[in-house]
Amino acid sequence: MLNPLALAASSGGDQIMLPGGGDSMWKTITSGVGDFITGVFTPVMNAVAESEIALAFLSVSFFFLAIRGVRRTVGAFGRGR
């Protein structure tokens with residue numbers, strides 16, 4: 001029996017078999033995501049959390065994004081959309 005995760009639809013509507021099968025594909029994807037989070041994302045977030053300058057820039061950026069969103073929302077109500 002074929003693995004349903006290893007099948008994909010071609011442009012003609014037929015099913016084609018992906019190389020490597022679905023199980024190994026998903027294992028590779030999930031392990032890659034886990035490696036990215038532990039190796040890149042977590043150290044960057046720790047560095048940002050300890051940096052006062054980075055936190056100040058993030059605070060100002062989110063503040064101006066929030067103001068922009070409120071202005072767009074209020075403007076949309078004013079135009080009747």
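These are legends for a handful of close-up views of one predicted model.

**View 1. The whole chain, a run of β-β-α-α from the N terminus.** The protein has two strands and two helices. Out of its 81 residues, just 2% count as buried. About 6,900 Å² of the protein is exposed, and carbon and sulfur atoms supply 68% of that area.

**View 2. How sure the predictor is, element by element.** The average pLDDT for the protein is 81, with 70% of the residues scoring at least 70. Strand β1 (residues 7-9) sits at the bottom of the elements with a mean of 50. Helix α2 (residues 52-79) is at the other end, with the highest mean, 93. So read β1 with its pLDDT of 50 in mind.

**View 3. A nonpolar surface patch of about 790 Å².** The residues making the patch are Trp 26, Ile 29, Val 33, Phe 36, Ile 37, Val 40, Phe 41, Val 44 and Met 45. One of them, Val 40, belongs to helix α1, which covers residues 21-50. Val 40 has a relative accessible area of 39%, so it is partly exposed: that value falls between the 20% and 50% cut-offs.

**View 4. Helix α2, end to end.** Its 28 residues span 41 Å from first C-alpha to last. That is close to the 40 Å expected at 1.5 Å a residue. How many of the 28 residues of α2 are buried? The number is zero, so the helix lies largely in the open.

**View 5. The one aromatic pair in the structure.** Phe 63 and Phe 64 are the partners, and their arrangement is edge-to-face. A pair of aromatic rings is described by two things, the distance of the centres and the angle of the planes. Here the rings are 5.6 Å apart centre to centre, with 75° between the planes. The angle is over the 60 degrees needed, so the pair counts as edge-to-face. Phe 64 is exposed because its relative accessible area, 55%, is over the 50% cut-off.

How values were computed:
Residues are numbered from 1 along each chain as its sequence is written. This is a predicted model: local features need pLDDT of at least 70, side-chain atom pairs count only at pLDDT 80 or more; totals for chains, interfaces and linings use all residues. Side-chain values use heavy atoms; hydrogens and water are left out. Patches are made of residues with over 30% relative accessible area and no salt bridge: like charges are joined within 9 Å, nonpolar side chains (Val, Leu, Ile, Met, Phe, Trp, Tyr) within 5 Å. Accessible areas come from the Shrake-Rupley method with a 1.4 Å probe; for residues, only the protein chains shown count as cover. A salt bridge is a side-chain nitrogen of Lys or Arg within 4 Å of a carboxyl oxygen of Asp or Glu. Helices (H or I, at least four residues) and strands (E, at least two) are DSSP runs, numbered from the N terminus. Buried means under 20% relative accessible area, exposed over 50%, partly exposed in between (1.4 Å probe, protein chains only). pLDDT is the predictor's confidence in each residue, from 0 to 100. The expected span of a helix is 1.5 Å times one less than its number of residues. Rings of Phe, Tyr and Trp (its six-membered ring) pair if their centres lie within 6.5 Å; planes under 30 degrees apart count as stacked, over 60 as edge-to-face and the rest as tilted.
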